[in-house]
Each structure stands twice: as C-alpha cells, then as structure tokens.
Amino acid sequence: MALKSIQKDVNEWISQYKLGYFKPLENLARLTEEVGEAARELNHIFGPKKKKVTEAKGDLEEELGDVIYTVVCIANSLEIDLDKSWSKVMKKLNTRDKNRWERK
C-alpha cells in the first residue's frame, strides 16, 4: 500500500469527526507515547526487563501500527506528502550514506 493511500485512509477516518486532527504538539505528545509503548514491547521481547506474569501480552505489531498512524496524522494535518518525504529519505540514503557501512 502506498503512503498516499494510507494518508487517504487516515484522512477519511478523521474526517468523520468534528474534532478533526489534533494540533501538531498534541500529535507529537501522542507520537512520543506510542513510540514509548513500542519501546516497552521491544524491551520485553529483547531486553532484560521481561513482563510480569500479571501483565497482559503486548503486541509489537499493533504498537508499530499506532506509531505509523500517528506519523500520518501529523503529516496530514500539516499537508505533508509522505510519498515525497519517503523519496527524499531514500535519495539521501542512496547518496550521502551509500558508503557509510560495510556492504555484504
């Protein structure tokens, strides 16, 4: 699925509600929260801090989806085309960073 399609899906969902998009700094707070939840799941899976037996099983896939959703909300609210952003990042990686690490 192209980022443009994802942005459209999110916009259609948000457009159903009077509130609309949260303000940029509110979305930043939400993004920080979602990244923290993903970090916690990663730490439970790969780090030294395992879940307590009383804690519910987490879902890293869902947490990463929440991160993506929140990034898309920020982009949509600021009218940023994520396909264009992605192209810029890949160009940077393939030029500036192309010799940064040892290749296989």
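In the predicted model, a polar atom of the H44 side chain lies 3.4 Å from the backbone nitrogen of K51. This separation falls within the 3.5 Å limit that applies to a polar contact between N or O atoms. H44 itself belongs to helix α2. With a relative accessible area of 7%, H44 is buried, because a residue is counted as buried when its relative accessible area is under 20%. When residues up to four places away in sequence are set aside, H44 touches K49, K50, K51 and E55. K51 therefore appears both in the list of residues touched by H44 and as the residue whose backbone nitrogen lies 3.4 Å from the H44 side chain.

Helix α2 spans residues 24-46 and also holds E37. The relative accessibility of E37 is 28%, so E37 counts as partly exposed. A distance of 25 Å, taken from C-alpha to C-alpha, separates E37 from A2, and the two residues are 35 positions apart in sequence. A sequence separation of 35 residues also applies to G65 and R30, whose C-alpha atoms are 13 Å apart. G65 is located in helix α3 and is partly exposed, at 35% relative accessibility.

The packing of the helices is considered next. Two packed helices are described by the angle between their axes and by the distance between those axes. Helix α1 (residues 3-14) and helix α3 (residues 60-77) have axes that come within 10 Å and cross at roughly 80°. This crossing makes α1 roughly perpendicular to α3, because angles of 65 to 115 degrees are placed in that class. On the α1 side, the contact involves I6, Q7, V10, N11, W13 and I14, which meet Y69, V72, C73, A75 and N76 of α3. Sorted by class, the residues of this contact comprise eight nonpolar and three polar residues, with no charged residue.

A further contact joins α1 to helix α4 (residues 82-95), where the axes are 8 Å apart and the packing angle is about 145°. L3, K4 and Q7 of α1 form this contact together with L82, D83 and W86 of α4. Three of the residues involved are nonpolar, one is polar and two are charged. Q7 thus takes part in the contact of α1 with α3 and in the contact of α1 with α4.

The largest nonpolar core consists of six residues, namely V10, I14, V72, C73, A75 and L82. At least two residues of this core are supplied by each of α1 and α3, and the largest share, three residues, comes from α3. Apart from this core lies another, of five residues, including L31, A38, L60 and V67. A75, a member of the largest nonpolar core, is in contact with Q7, I80 and L82 when its neighbours within four places in sequence are left aside.

The loop between α3 and α4 contains E79. Its relative accessible area is 76%, and E79 is therefore exposed. Most residues other than glycine have a negative phi. E79, by contrast, is a residue other than glycine with a positive phi, near 55°.

Definitions and conventions
Residues are numbered from 1 along each chain as its sequence is written. This is a predicted model: local features need pLDDT of at least 70, side-chain atom pairs count only at pLDDT 80 or more; totals for chains, interfaces and linings use all residues. Side-chain values use heavy atoms; hydrogens and water are left out. Helices (H or I, at least four residues) and strands (E, at least two) are DSSP runs, numbered from the N terminus. Buried means under 20% relative accessible area, exposed over 50%, partly exposed in between (1.4 Å probe, protein chains only). A polar contact is a pair of N or O atoms within 3.5 Å; within protein, one must be able to donate a hydrogen and the other to accept it, and residues adjacent in sequence count only if both atoms are side-chain atoms. Contact means heavy atoms within 4.5 Å. Axes are lines fitted to C-alpha atoms, for helices over the stretch in contact, and angles run from 0 to 180 degrees between N-to-C directions. Angles under 35 degrees count as roughly parallel, over 145 as roughly antiparallel, 65 to 115 as roughly perpendicular and the rest as oblique. Ala, Val, Leu, Ile, Met, Phe, Trp, Tyr, Cys and Pro count as nonpolar, Asp, Glu, Lys and Arg as charged, and the others, Gly among them, as polar. A nonpolar core is a set of buried Ala, Val, Leu, Ile, Met, Phe, Trp, Tyr and Cys residues joined through side-chain atoms within 4.5 Å.
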